[in-house]
Amino acid sequence: TPSLLLEFRLFLKSEGLSPATQNRYADLVIRIINFSYKQRRINSNPCFGYEKAREIREEMLFWDEEEVK
């Protein structure tokens, strides 16, 4: 269920993993469940309604020409 996936994500957060890593782990579980649903091994998709963790992306900084030299 979405609540179980949220519990899983909170566990990963408590282990110190970043939101992006939390999403990758959850995405793996979701893909397995989606595959099972498409193959008709399960009757409904329990992942419907799950929201991923919000990822904070830092701005990339580039060197200017002088810094490259």
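Where is the place of Leu17? Leu17 sits in the loop between α1 and α2, and it makes a handy way into this fold. Before going further, some ground rules: this is a predicted model, in which local features need pLDDT of at least 70 and side-chain atom pairs count only at pLDDT 80 or more, while totals for chains, interfaces and linings use all residues. Residues are numbered from 1 along each chain as its sequence is written, and side-chain values use heavy atoms, with hydrogens and water left out.

How confident was the predictor? pLDDT is its confidence in each residue, from 0 to 100, and the protein chain averages 83, with 97% of the residues scoring at least 70. Among the helices, α2 has the highest confidence, at a mean of 88, and α3 (residues 65–68) the lowest, at 84. The helices here are DSSP runs of H or I with at least four residues, numbered from the N terminus.

Let's start with helix α1, which covers residues 2–14. Its 13 residues reach 18 Å from the first C-alpha to the last, close to the 18 Å expected at 1.5 Å a residue; the expected span is 1.5 Å times one less than the number of residues. The buried residues of α1 are Leu5, Arg9 and Leu12, where buried means under 20% relative accessible area, exposed means over 50%, and partly exposed is in between (1.4 Å probe, protein chains only). These three cover an arc of only 55° around the axis, so they end up on the same side of α1; the arc is taken from the directions from the helix axis to the C-beta atoms. Over on the other side of α1, Leu4, Glu7 and Ser14 are exposed. And what does the buried side face? The buried residues of α1 pack against α2.

Now for the link to the next helix. Just after α1, Gly16 takes a positive phi of about 90°. Then comes Leu17, which is partly exposed because its relative accessible area is 29%. Leaving aside neighbours within four places in sequence, Leu17 is in contact (heavy atoms within 4.5 Å) with Leu12, Gln22 and Tyr25. With Gln22 there is also a polar link: the backbone oxygen of Leu17 lies 2.8 Å from a polar atom of the Gln22 side chain. Gln22 itself lies in helix α2, and it counts as buried because its relative accessibility is 4%.

That brings us to α2, residues 19–38. At 1.5 Å a residue, the 20 residues of α2 should span 28 Å, and the end C-alpha atoms are indeed 28 Å apart. Buried in α2 are Ala20, Gln22, Asn23, Ala26, Ile30 and Ser36, and what covers them includes α1. Leu28, also in α2, goes the other way: it counts as exposed because its relative accessibility is 52%. Leu28 and Leu17 are 11 residues apart in sequence and 15 Å apart in space, C-alpha to C-alpha.

Further along α2 we meet Ser36 and Tyr37. Ser36 is buried, with a relative accessible area of 17%, and it touches Arg41 and Ile42, not counting residues up to four places away in sequence. Tyr37 counts as partly exposed at 39% relative accessibility. On the same terms of counting, Tyr37 touches Ile42, Asn43, Ser44 and Asn45. Tyr37 and Thr21 are 16 residues apart in sequence and 24 Å apart in space, C-alpha to C-alpha.

Which residue takes a positive phi just after α2? That is Arg40, with a phi of about 60°. Most residues other than glycine have a negative phi, so this backbone angle deserves a look. Arg40 lies in the loop between α2 and α3, and it counts as exposed because its relative accessibility is 74%.

Finally, the core. Leu5, Ala26, Ile30, Cys47 and Tyr50 make up the largest nonpolar core, 5 residues in all. A nonpolar core is a set of buried Ala, Val, Leu, Ile, Met, Phe, Trp, Tyr and Cys residues joined through side-chain atoms within 4.5 Å. Leu5 is one of the buried residues of α1, while Ala26 and Ile30 are among those of α2. Cys47 touches Leu5, Ile30 and Ile33, not counting residues up to four places away in sequence. In soluble globular proteins, nonpolar side chains tend to be buried together.

Terms used: Helix = DSSP H or I, 4+ residues; strand = E, 2+ residues; numbered from the N terminus. Polar contact = N/O pair within 3.5 Å; in protein donor to acceptor, adjacent residues only side chain to side chain. pLDDT = per-residue confidence, 0-100.
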